[in-house]
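Good morning, colleagues. I should like to introduce a structure that is new to this group. Please take a moment to look at it before I begin.

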Amino acid sequence: MSHQPVIDGLEFARTGSKLHGAWPVAGFSRLRDALRTDEGTLQYDLRGVAQERGYPALHLKVSGALQLVCQRCLGALEFPLHIDVSLGLAETQAEIDAEPLAAEGPERIVAGAEMPVRDLVEDEVLLAIPLAPRHERCEGRDAGAASEERSPFASLRGLVGGTRH
Ligand SMILES: [Zn+2]
């Protein structure tokens, strides 16, 4: 089927290697549960950096759009992806665990000799998707769909909105 590139993480970073390509959204099996349809293509751009804030690192950019489901009206919601992350590489999980958690530090991952690039991309896409995506201006709210919603947050939101007007 589609090619499945793998990289040797530390080697890729040390040599400043570059890799880019695209995958159909349908090829990301773990993403599917969050999607309304698996149309579309995601582009990725991966770059190795020998040293960044003390770590060999991978820079990953992912762009494209996902077809999510609005959790308010259950309609289609196109979610544009603009991922641009820096992943600090560690040789072992113990190395990551031994460090104090720094909120401003880069995300750390364990480097492998055969890291599937598609899994790297999918991990970051899963992190980027909102847990409860909603239209910014959801028509379901005025169309009555919202009244069927029984979430306690829905009524809370109504109250908050009411005090502001
Ligand atoms: Zn909606």
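**The zinc site and its surroundings**

The zinc ion sits in a tetrahedral site, with angles of 102 to 126 degrees among its four donor atoms; four donors count as tetrahedral if all angles lie between 85 and 135 degrees. Please note that this is a predicted model, in which local features need pLDDT of at least 70 and side-chain atom pairs count only at pLDDT 80 or more, while totals for chains, interfaces and linings use all residues. Residues are numbered from 1 along each chain as its sequence is written, and side-chain values use heavy atoms, with hydrogens and water left out.

Which protein donors does the zinc ion have? They are Cys70 (SG), Cys73 (SG), His135 (ND1) and Cys138 (SG), at 2.0 to 2.3 Å from the ion. Donors here are N, O and S atoms within 2.8 Å of the metal (3.2 Å for Na, K and Ca); water is not among the atoms, so sites may look incomplete. The spacing of the donor residues in sequence is C-x2-C-x61-H-x2-C.

Is Cys138 buried or exposed? Cys138 is buried, its relative accessible area being 9%, whereas His135 is partly exposed at 22%. Buried means under 20% relative accessible area, exposed over 50%, and partly exposed in between, with a 1.4 Å probe and protein chains only.

Turning to the whole chain, buried residues make up 33% of its 165 residues. The chain has four helices and eight strands, in the order β-α-β-β-β-β-β-α-β-β-α-α. Helices (H or I, at least four residues) and strands (E, at least two) are DSSP runs, numbered from the N terminus.

Definitions and conventions. Four donors count as tetrahedral if all angles lie between 85 and 135 degrees; four count as square planar and six as octahedral if opposite donors are over 155 degrees apart and all others between 65 and 115; anything else is irregular.
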